[in-house]
Amino acid sequence: MSASWRVPVRPALATRTAARPLRKIIRVVQVALLGAATFGPGVAMIGSGGAVGPGVAAIGSGGAAGSGVVAIGLGALALGATASADAASAPATTKDGRPFFAGVWLVETPRAEAKTIAGTTPPLRPEAAQLYAQRKQMKASGKVAGDPAVDECLPHGVPRILSATHPILILQKPKQITVLYEANHQSRQFYIDDPLPKEGEEPDPTYNGTSVARWDGNALIVDTFAMNDKTWLDDAGLPHSESLRVTERYALTDAEHLRVDITVADPKTFTAPWRMQVTYKRRPDLRIQENACAEKLWRPPGAGGAG
């Protein structure tokens, strides 16, 4: 009979026909176990490609039939473990099918100096480069460089706050995502699908600016604008102007990692827009703690300063 010839299967018999190989496998395994119990090891060689069909390995070859069955059981356990591992590494989603960002996260590799994706210094204009060099030199010499976040406990600004070494807590709702930063008790709100303001209608500048967000597939795109020029872009003193615009792209690379691709644009400070990247690791073992930076600025009455 030609191997390419097949007997037509009527739809009414399709289910029973599909179940026959499984019943046959179960029956052969039962026979193998019975043979092992009756005749001892080495009984019931079930060859692949034999009566049972391809894909059934030799049960009991080189030993007892029982050991072959154990091998099948171990194989099933291995397949189950692989499936469980794949499911555990897959990013979780919300009820409406969006990526699940909520929880506590900690930056994996904090950097004191902002670098582009290529690992280079951002493309500064000459006057900005000079100011940056002066601030770095003061920091290196141990002098007070006037760091607004460290020396004055003011908000870090964007994107510097993304690289802070403190944990963050993300709260997620369908139309708003809130990020609570342990560093200096800061917070940011991303209003999803809010329109960008028209030219001339921008809000007043603030330290962390105003953010609106939108979904792009499984990534959250956040546009931040209306930032004052009183913050630094990194711990070393990278400057910027009030023309700064920052775009963040939040995406889960797996269940445990959140990657943020950041595009920085400021034509008064940089010769071209540039990109950097920050990766967070999910940390359910951490909780946001108090971080009272301003405590070091407070002088109690009678301590020789203003109270």
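This passage describes the barrel, the disulfide and some backbone features of a predicted model.

The strands make a good place to start. A closed barrel is formed by 9 strands in the order 1-2-3-4-5-6-7-8-9, and the pairing within the barrel is mixed. From one strand to the next, the twist averages 30°. As background, strands of a sheet pair through backbone hydrogen bonds, in either a parallel or an antiparallel arrangement. Strand 1, residues 103–107, and strand 9, residues 274–282, run antiparallel and are joined by 3 bridges. Across this pairing, W105 of strand 1 has R282 of strand 9 standing opposite.

Strand 6 can be followed in some detail. This strand covers residues 219–225, and 7 of its 7 residues are buried, so strand 6 is largely enclosed by the rest of the structure. The side chains divide into two sets: A219, I221, D223 and F225 point one way, while L220, V222 and T224 point the other way. Both sets are buried, which here means that each residue has under 20% relative accessible area.

The two neighbours of strand 6 complete this part of the picture. Strand 5, residues 210–216, pairs with strand 6 in the antiparallel sense over 7 bridges. In this pairing, V212 has D223 of strand 6 as its bridge partner. Strand 5 and strand 6 also form a hairpin with 2 residues between them, and G217 in the turn has a positive phi of about 65°. Towards strand 7, residues 245–254, strand 6 is joined by 5 bridges, again with an antiparallel run. Here the bridge partner of V222 is E248 in strand 7. D223, with its partner V212, and V222, with its partner E248, belong to the two sets of strand 6 residues that point in opposite ways.

The loops hold backbone features that are worth a look. Most residues other than glycine have a negative phi, and most peptide bonds are trans. Against this background, D193 has a positive phi near 70° although the residue is not glycine. D193 lies in the loop between strand 4, residues 186–192, and strand 5. A positive phi, near 55°, is also found at A226, another residue other than glycine. The loop between strand 6 and strand 7 contains A226, and this residue is buried, with a relative accessible area of 12%. The peptide bond between V158 and P159 is cis, with omega about 10°. P159 sits in the loop between helix 3 and strand 2.

That loop also contributes to the covalent cross-link of the model. The count comes to 1 disulfide, formed by C153 and C293 with their sulfur atoms 2.0 Å apart. The pair links distant parts of the chain, 140 residues apart: C153 is in the loop between helix 3 (126–140) and strand 2 (168–173), and C293 is in the segment after strand 9. The angle about the S-S bond is -80°, and the link of C153 and C293 is left-handed. Are the two cysteines, C153 and C293, buried or exposed? C153 has a relative accessible area of 9% and is therefore buried. C293, with a relative accessible area of 16%, also falls under the 20% limit and so counts as buried.

Notes:
Residues numbered from 1 in each chain as written. Predicted model: local features only at pLDDT ≥ 70, side-chain atom pairs only at ≥ 80, totals over all residues. Heavy atoms only, no water. Pairing = 2+ DSSP bridges. Helix = DSSP H or I, 4+ residues; strand = E, 2+ residues; numbered from the N terminus. Axes fitted to C-alpha atoms, helices over the stretch in contact; angles between N-to-C directions. Disulfide = S-S within 2.5 Å. Buried < 20%, exposed > 50% of the residue type's maximum accessible area, 1.4 Å probe, protein only.
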